[in-house]
Amino acid sequence: MIPNLFYKASIPDALPKDMQGVVDKLKKSKSKEDCLKKAYDALSERYVGCKVHTRFFDIFTSDVNKLWNTKYQHCTALNYFLRILLVKSGFFKDEDIMLKWTLIYYISVHQYLRIRLDENMTINVDPWGAHHRTNFGDYAHGFHY
């Protein structure tokens, strides 16, 4: 099995109840950018992006029900959650969300997202990096995290 670092897992039809609650709030957003910021904030407040406390084999799963209630998450799970929230909000299509990867400390593979807001504007988003003081619109890379 390949870690979900390099492919997009499918968006599930059914979501955990509290995840659906976040989606319901996002549907009331004023714009795509407002929706993205609210989704990013919801994940950044709920989870800690961490390598030390996460279970290694979770990098191979895309089972939302298994991962949603675990505080410490890999970058892949947080990005998967963000994709789900954005697509389910109705403001974004899956084609608007691109998986990107980089290296942290130039040795550790890391995934972040590039989100298309319109034809001429994209923004990098890294909910995993939020715990490491990486700001909205930026991503962890190199020694920058």
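This briefing covers one sheet and the helices that pack on it. The model is predicted. Its open sheet has three strands in the order β3-β4-β5, paired in the antiparallel sense. Helices α2 and α4 pack on this sheet.

**The sheet**
- The edge strands are β3, residues 97-104, and β5, residues 121-125, and each of them pairs on one side only.
- On average, neighbouring strands of the sheet are turned by 30° against each other, with direction ignored.
- Eight antiparallel bridges join β3 to β4, the strand of residues 108-118.
- Leu 99 has Leu 113 in β4 as its bridge partner.

**Helices on the sheet**
- Helix α2, residues 32-46, touches β4 and β5, and its direction makes about 150° with that of β4.
- Helix α4, residues 75-89, touches β3, β4 and β5, and its direction makes about 15° with that of β4.

**Helix α2 in detail**
- From its first C-alpha to its last, α2 reaches 21 Å over 15 residues, close to the 21 Å expected at 1.5 Å a residue.
- The buried residues of α2 are Cys 35, Leu 36, Ala 39, Tyr 40 and Leu 43.
- These buried residues lie on the same side of α2, because they cover an arc of only 130° around the axis.
- An α-helix has 3.6 residues a turn, so residues three or four places apart point the same way.
- The elements covering the buried residues of α2 include the helices α1 (17-26), α4 and α5 (127-130), together with the strands β4 and β5.

Technical notes: Residues numbered from 1 in each chain as written. Predicted model: local features only at pLDDT ≥ 70, side-chain atom pairs only at ≥ 80, totals over all residues. Heavy atoms only, no water. Pairing = 2+ DSSP bridges. Helix = DSSP H or I, 4+ residues; strand = E, 2+ residues; numbered from the N terminus. Axes fitted to C-alpha atoms, helices over the stretch in contact; angles between N-to-C directions. Contact = heavy atoms within 4.5 Å. Expected span 1.5 Å × (residues − 1). Buried < 20%, exposed > 50% of the residue type's maximum accessible area, 1.4 Å probe, protein only. Arc of directions from axis to C-beta.
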